[in-house]
Every structure is written in C-alpha cells, then in structure tokens.
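Me: I have a chain open here and would like to talk it through, helix by helix where that helps. Can we start with one of the helices and work outwards?

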Amino acid sequence: MSSPVTEAFVPTFEKQIEEGGPVTVTHPEVTRYFMTIPEAAMLVLQSGAISKGGELFLLDMGEPVKIVDLAKNMIRLAGLVPDKDIEIVYTGLRPGEKLHEELLIAGEGVVSTAYDKIKICTHKNGFDKKRLFDQIEILSRVVENETDPNRALDIIKDLVPAYAIQSDQSENNHMDNVVELNAARKA
C-alpha cells in the first residue's frame, strides 16, 4: 500500500522540473494526503490485529497537503524559483476528481480503538446488502445498455447520499464520460 501522491505526483513533478517545466497541477486548491509505505503498512497490520471481522477502519493519514505547495517546494529544492524559472500550469479537475479527499461522510459514527491513528466507522442506519447488490445489478445493466444515463446517475445518488458532481461540471457532461468509459471497456 503506497500513497498515490508519492507514486503519481512526485515522479511527474521531478520529470517536469528536469525538462524545464511547466509543472502541471489540476487546481490551485486541490489537496491530498501523504503517507509513507511503512506508515501505511503498520496501520494496516495493526488494524488486522484488532479486527473482529467486517469492521470499516479509518486510518489517520495526517493533514492534507496542497499539491501546488508540493510543486512549489519541489521546484525550490531543485534550486529554481516557482513561476519564474519553472511555470506552474493549472489543467483543471478531471471528471469525478475532487478538490479534497473525504475520509468520512457526514452521518458516519467513529469509535476509537487502542491505537490513536486507527478508528472504526459505524453505521447508525445499518446496511442492506441485498438492496446494494440489487441496485448495483440494475446500474450495471443500465450502463451496459446505455439506455438512460440519467437513470444511472439516479441510482448512484440513491446508493451514495453524499454523492455530488463537481460544480464546474454539468450532469450531462458527467454522464457522457460514463458512456465513453463504458464504450472503451467494450472495445
């Protein structure tokens, strides 16, 4: 288990800096969490040790980091000046990408464990597996048949109450991306 930030951003930024820029960041406010592989492995092992089966663990990953700050720091570490020697270009959020990662959804309860950095999420309203699997089956058929993209979006909204499309992206544009993804899978 490794941080997507470490695997994606750092090598990409290093290469872009070596090539003289620009360094590309999706949005000036986007944040992500950092966690080293040893930290993540230790938390996963500890979670496994206290698990009774079926729990949903929430691992404390520290404070989120603004990706633009990471880019600027890497430029400075290379002995260069951000936006003078190396330009930072904002490319815009990709479909479905969020500005900030959410570790908890409103309404989820959290229970402490013997480890400070490990919590257990609880669900006050319970969990209906049959309903989930039925809705996923319906969603799969709707997407496969491309019959009604808006129906697929309704199913997602019903299954994930906290689901929201980025404000700078219309629902139709979002569903066009879903249909394109499905077509690419079939090819």
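Reply: Happy to, bearing in mind that this is a predicted model. In helix H5, which covers residues 149–159, the buried residues are Ala152, Leu153 and Ile155.

Me: Where do those buried residues of H5 fall when you look down its axis?

Reply: They fall within an arc of 160° seen down the axis of H5, so they line one face of the helix.

Me: What angle does H5 make with H4, and how far apart are their axes?

Reply: Helix H4, residues 129–145, packs with H5 at an angle of about 160°, and the two axes are 9 Å apart. Because the roughly antiparallel class takes angles over 145 degrees, H4 counts as roughly antiparallel to H5. The crossing in which H4 passes H5 is left-handed.

Me: Which residues meet across that pair?

Reply: From H4 the residues are Arg131, Leu132, Gln135, Ile136, Ile138, Leu139, Val142 and Val143, and they meet Arg151, Ala152, Ile155, Ile156, Asp158 and Leu159 of H5. Ala152 and Ile155 are therefore in this meeting set as well as among the buried residues of H5, which line one face of that helix.

Me: Take Ile138 in H4. Is it buried, partly exposed or exposed?

Reply: Ile138 has a relative accessibility of 24%, so it counts as partly exposed, given that buried would require under 20%. Setting aside neighbours within four places in sequence, Ile138 is in contact with Arg151 and Ile155. Its C-alpha atom is separated by 8.3 Å from that of Ile155, a residue 17 places away along the chain.

Me: Different topic, then: where is Thr26, and what does it touch?

Reply: Thr26 is found in the loop between strand E1 (23–25) and strand E2 (31–32). With residues up to four places away in sequence not counted, Thr26 touches Tyr90, Thr91, Gly92, Leu93, Arg94 and Glu97. At 11% relative accessibility, Thr26 counts as buried.

Me: And the whole chain, what does its secondary structure come to?

Reply: It comes to 6 helices and 7 strands, and reading along the sequence gives the pattern α-β-β-α-β-β-α-β-β-β-α-α-α. Of the contacts between residues at least 6 apart in sequence, 65% join residues at least 24 apart.

Me: How much of the chain is buried, and what is its accessible surface?

Reply: Buried residues make up 25% of the 187 residues. The accessible surface comes to about 12300 Å², and carbon and sulfur atoms account for 54% of that surface.

How values were computed. Residues numbered from 1 in each chain as written. Predicted model: local features only at pLDDT ≥ 70, side-chain atom pairs only at ≥ 80, totals over all residues. Heavy atoms only, no water. Buried < 20%, exposed > 50% of the residue type's maximum accessible area, 1.4 Å probe, protein only. Helix = DSSP H or I, 4+ residues; strand = E, 2+ residues; numbered from the N terminus. Arc of directions from axis to C-beta. Contact = heavy atoms within 4.5 Å. Areas by Shrake-Rupley, 256 points an atom, 1.4 Å probe, with all protein chains shown as cover. Axes fitted to C-alpha atoms, helices over the stretch in contact; angles between N-to-C directions. Parallel < 35°, antiparallel > 145°, perpendicular 65-115°, else oblique. Left-handed = near helix turned anticlockwise from the far one by under 90°.
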